Amino acid sequence: MSYAPYFDGCIGALDGTHVRALVSRQSKLDFINRKGYTSYNVLAICDMDMRFTYVGAGRAGVSHDMSVLTECLETPTYLHPPEG
């Protein structure tokens with residue numbers, strides 16, 4: 001079901017998830033998440049039709065979701081809402 005034009009430019013869902021990762025011994029402590037396994041913390045955003053519009057990947061599993069979002073907000077590829 002399409003929500004156009006009512007929700008054009010809106011975020012349908014925003015969430016973070018942990019993706020398992022194999023890392024070197026030197027980096028292991030940085031990548032161990034709160035559940036005890038090594039991972040990347042990934043932020044994903046979907047539009048109202050549940051299509052991915054943004055994926056921010058590459059933060060170590062120890063990173064808090066808010067720090068991942070803050071870093072993504074500062075990147076030029078992050079989808080900022082239109083002015084007005």
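Leaving aside its neighbours within four places in sequence, which residues is Thr38 in contact with?

**Entry 1, Thr38.** I am working from a predicted model, and I began with Thr38, which I found in the loop between helix H1 (28–31) and strand S2. With sequence neighbours within four places set aside, I listed its contacts as Val19, Arg20, Ala21, Val23, Lys28, Phe31 and Ile32. I then looked up its side chain, which reaches the backbone oxygen of Ala21 at 2.5 Å. Its relative accessibility came out at 16%, so I entered Thr38 as buried, the cut-off being under 20%.

**Entry 2, rings.** I searched for aromatic pairs and noted one in the structure. Phe31 and Tyr40 form this pair, which is edge-to-face, with 5.3 Å centre to centre and 85 degrees between the planes. I also checked how accessible the two partners are: Phe31, at 13% relative accessibility, counts as buried, whereas Tyr40, at 32%, counts as partly exposed. Phe31 is also among the contacts of Thr38 that I had listed above.

**Entry 3, Arg20.** Returning to Arg20, another of the contacts of Thr38, I looked at where its charged end lies, and I found that it sits over the ring of Tyr37, 3.9 Å from the ring centre.

**Entry 4, helix H2.** I turned last to helix H2 (residues 65–73), where I recorded Val68, Leu69 and Cys72 as the buried residues. They lie on the same side of H2, because the arc they cover around the axis is only 95 degrees. I then asked what these buried residues pack against, and noted strand S1 (13–20), strand S2 (39–46) and strand S3 (52–60).

Conventions:
Residues are numbered from 1 along each chain as its sequence is written. This is a predicted model: local features need pLDDT of at least 70, side-chain atom pairs count only at pLDDT 80 or more; totals for chains, interfaces and linings use all residues. Side-chain values use heavy atoms; hydrogens and water are left out. Rings of Phe, Tyr and Trp (its six-membered ring) pair if their centres lie within 6.5 Å; planes under 30 degrees apart count as stacked, over 60 as edge-to-face and the rest as tilted. Buried means under 20% relative accessible area, exposed over 50%, partly exposed in between (1.4 Å probe, protein chains only). A charge sits over a ring if NZ of Lys or CZ of Arg is within 6 Å of the ring centre and within 35 degrees of the ring normal. Helices (H or I, at least four residues) and strands (E, at least two) are DSSP runs, numbered from the N terminus. The arc is that of the directions from the helix axis to the C-beta atoms. Contact means heavy atoms within 4.5 Å. A polar contact is a pair of N or O atoms within 3.5 Å; within protein, one must be able to donate a hydrogen and the other to accept it, and residues adjacent in sequence count only if both atoms are side-chain atoms.
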